[in-house]
Amino acid sequence: MTTQVNKTAHAFDKVRLDALLNRRFFYAPAFEIYGGVAGLYDYGPPGSSLQANIIDQWRKHFIVEEGMLELDTTIMTPAPVFETSGHVARFADWMVKDTKTGDVLRADHLVKNVLEARLAGDLEARGVAAAPQDEKDKKKKKKGAKAAAVVLEDAVVKEYETILAQLDNYSGPQLGELCRTHNIRNPDTDNEVGEPQQFNLMFTSSIGPTGQHPGYLRPETAQGHFLNFSRLLEYNNGRVPFASAQIGRSFRNEISPRAGLLRVREFTMAEIEHYVDPEDKNHEKFKEVRDVEIVLLDRHVQEAGSSATKKMKIGDAVDQGVIANQTLGYFVARIYQFLIKIGINPERLRFRQHMGNEMAHYATDCWDAEIHNSTGWTECVGCADRAAYDLSVHSAKTGHPLIVRQALKEPIVTEKEAVEWNKKVLGKTFKQDAGTIQKTVESMDEAALVKLKGQLAQGSAVITSVDGKEFQLTPDILTIERKVFKQSIREFTPNVIEPSFGLGRILYTLLEHSFWSREQDVERGVLSLPPLVAPTKVLIVPLSARAEFDPLVLEVSTKLRRAGVFSRVDDSNTSIGKRYARNDELGTPYGVTIDFASVQNRTMTLRERDTMDQRIGSVDDVIAAVTELVNGTIDWGEACQRLPAYDGVQAVD
């Protein structure tokens with residue numbers, strides 16, 4: 001029987017988690033010995049392994065299972081690319097400055113933090129117990145960061161809640177109006193703030209020794225996909241739908257990064273661009289996810305000033321038009337399945353639809369996978385229908401057709417009026433106006449051409465150009481005849497559905513969701529990371545450092561490595577309990593102990609991290625069981641059926 005574990009005996013303690021992550025070097029501020037730079041972090045060994053394992057699962061879940069085409073495009077990007085895409089003009093956040101100190105704050109975050117603090121003060125004044133606060137955390141709080149315990153009028157509470165529900169929908173001027181109306185000040189200084197100003201988040205650079213080519217560090221990987229569309233389409237034999245995928249670094253010059261890995265200036269993204277026929281956004285595998293149930297917060301609820309969510313099956317959400325189309329719904333479901341697989345708590349995961357003002361300039365519909373953590377709800381994945389925006393603007397700018405040419409199963413036969421020019425006479429008669437005349441006539445609809453045809457039959461016709469000029473045409477310049485056309489090829493610009501993952505945010509929220517303390521000892525922290533993503537899968541613990549243990553330790557380590565199971569040997573001069581506790585903090589799910597009986601009888605024990613339950617078996621049986629546990633083909637309950645319980649004693653001759 002496995003032991004029941006109470007993971008909620010102690011309230012979540014962010015200070016304790018941060019101390020663990022720092023002590024075990026999951027990540028740390030970059031350039032720390034030089035004082036550090038806000039928003040830049042280095043990952044240590046366990047953090048790097050955790051990120052690599054998340055990426056590995058992402059590749060399997062999306063690239064491998066969906067047959068996507070993987071890319072690796074450049075980070076440095078010439079300025080014209082982002083001028084065309086709209087990022088130079090629109091990729092910005094609103095910032096405000098402290099009127100006395102000049103400190104810069106992000107406007108929407110300022111409004112959110114101040115109003116939430118006031119609501120918390122209202123609850124405290126009404127006698128509603130707040131979550132206990134660690135003494136260390138209290139000392140870290142800056143003066144003015146916490147609102148006084150003051151009872152607010154019910155109408156004010158409702159107004160604040162409505163503002164917070166709609167916060168992402170406010171424009172810069174509206175955020176400024178909120179600051180004035182509700183006396184929102186810099187909480188660190190209690191000074192007023194100025195009017196919101198737009199700040200472009202891209203890092204500028206230059207290419208070449210003289211800086212003649214201005215450039216940017218990319219804020220997303222997407223443009224590299226779009227600029228290679230023609231090559232990708234050719235690689236895919238000219239067929240849509242298909243998807244390209246890329247994992248790589250992106251850069252955003254955040255205004256005030258203050259939330260660890262949740263808001264950084266350099267980060268790893270995993271992005272998918274799924275190209276689809278704009279006239280058919282159904283997905284062939286949609287039936288496989290129709291019954292996946294997720295928590296949704298749609299735009300209409302938010303615009304009404306509420307944050308009430310509802311559970312819906314993906315199939316129902318698409319059928320009812322809550323989610324725009326099958327392909328968008330399919331990827332929302334697949335995002336949900338991925339996040340749950342790697343260990344995100346489904347009770348703390350929701351999908352929020354973008355409201356009108358917050359929608360990216362390229363999107364027609366967008367849903368964010370938001371994960372709840374100690375700072376609130378954080379967007380970790382965006383899933384947008386970018387329509388045909390990107391391919392259209394890059395094609396128009398460069399003249400390179402980013403289109404699909406599709407052979408029709410049945411040719412389309414149409415009969416319509418066709419224009420034929422005598423270009424020699426046209427040019428000789430109208431000279432520099434010839435081009436204007438051609439554009440004017442060729443832009444006419446069917447009815448206008450029929451009318452013009454009738455006038456020409458009478459001897460001449462007068463047309464008016466866009467700029468108001470009149471030109472008289474005669475049959476020797478222009479003829480219009482009704483002809484039959486057969487269309488065998490359809491040309492279209494595909495639409496794009498884009499799931500975009502912020503891997504650092506996912507990694508941090510996973511760490512929060514996985515952290516707890518032993519019921520009997522709050523100082524014994526544990527990270528219950530799933531074996532799929534845990535940095536180390538198995539800890540090998542030899543009871544003694546004597547030479548006679550070395551051959552078996554090497555054998556076990558080698559066999560695990562050959563089975564593809566990442567393991568570490570901890571032969572430090574400390575107790576087994578401390579060695580296991582140390583690795584519980586690292587999230588290592590399993591441990592094998594090699595003692596004197598192991599050397600003599602070729603048996604060893606297998607320990608499970610959360611329950612601390614131990615089983616015993618032959619070396620090969622334990623290795624086989626732990627390999628299947630790590631690969632996810634069996635669970636701990638099944639392992640317990642294979643291996644008997646360990647009673648703490650092994651016979652030694």
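Is the crossing of helix 5 and helix 7 left-handed or right-handed? In this predicted model, the crossing of these two helices is left-handed. The largest nonpolar core holds 64 residues, and by the distance rule the number of disulfides is zero. The points below cover helix packing, nonpolar cores, strand pairing and cysteines.

**Helix packing**

- Helix 5 spans residues 107-125 and helix 7 spans residues 154-165; they pack at an angle of about 145 degrees, and their axes are 10 Å apart.
- On the helix 5 side, the contact is made by Val-111, Lys-112, Leu-115, Glu-116, Arg-118, Leu-119 and Asp-122.
- Helix 7 contributes Val-157, Tyr-160, Glu-161, Ile-163 and Leu-164 to this contact.
- A second packed pair consists of helix 19 (residues 550-562) and helix 22 (residues 619-631), at an angle of about 30 degrees and with axes 10 Å apart.
- The crossing of helix 19 and helix 22 is right-handed.
- In helix 19 the residues that meet helix 22 are Leu-552, Glu-555, Val-556, Lys-559 and Leu-560; their counterparts in helix 22 are Val-619, Asp-620, Ile-623, Val-626 and Thr-627.

**Nonpolar cores**

- Within the largest core, of 64 residues, the most contacts are made by Trp-58, Ile-314, Leu-339, Phe-351 and Phe-501.
- Helix 13, residues 326-341, gives the most to this core, namely nine residues.
- Leu-339 touches Ile-344, Leu-349, Ala-369, Ile-371, Val-381 and Ile-506, when residues up to four places away in sequence are not counted.
- Another core, of 25 residues, lies apart from the largest one and includes Phe-549, Val-556, Val-626 and Cys-640.
- Two of these, Val-556 and Val-626, also appear in the contact between helix 19 and helix 22.
- As background, nonpolar side chains in soluble globular proteins tend to be buried together.

**Strands 4, 8 and 9**

- Three strands form an open sheet in the order 4-9-8, and the pairing is antiparallel.
- Strand 4 (76-78) and strand 8 (203-207) are at the edges with a single partner strand each, so each has one side without a neighbour in the sheet.
- From one strand to the next, the twist averages 40 degrees.
- Five bridges join strand 8 to strand 9 (residues 213-217) in the antiparallel sense.
- Thr-204 has Tyr-216 in strand 9 as its bridge partner.

**Strands 5, 6 and 7**

- Strand 5 (residues 92-97) pairs with strand 7 (residues 197-200) over four bridges, antiparallel.
- The bridge partner of Ala-92 in strand 7 is Asn-200.
- Strand 5 also runs antiparallel to strand 6 (residues 104-106), joined by three bridges.
- Across this pairing, Met-95 stands opposite Arg-106 in strand 6.
- The two strands, 5 and 6, form a hairpin with six residues between them, and Gly-102 in the turn has a positive phi of about 80 degrees.

**Cysteines**

- Why does Cys-383 form no bond with the closest cysteine sulfur, in Cys-366? The two sulfur atoms are 7.3 Å apart, which is too far for a bond, as a disulfide requires sulfur atoms within 2.5 Å.
- Cys-383 is buried, with a relative accessible area of 1%.
- Cys-179 is also buried, with a relative accessible area of 9%.

Definitions and conventions:
Residues numbered from 1 in each chain as written. Predicted model: local features only at pLDDT ≥ 70, side-chain atom pairs only at ≥ 80, totals over all residues. Heavy atoms only, no water. Core = buried A, V, L, I, M, F, W, Y, C linked by side-chain atoms within 4.5 Å. Buried < 20%, exposed > 50% of the residue type's maximum accessible area, 1.4 Å probe, protein only. Contact = heavy atoms within 4.5 Å. Pairing = 2+ DSSP bridges. Axes fitted to C-alpha atoms, helices over the stretch in contact; angles between N-to-C directions. Left-handed = near helix turned anticlockwise from the far one by under 90°.
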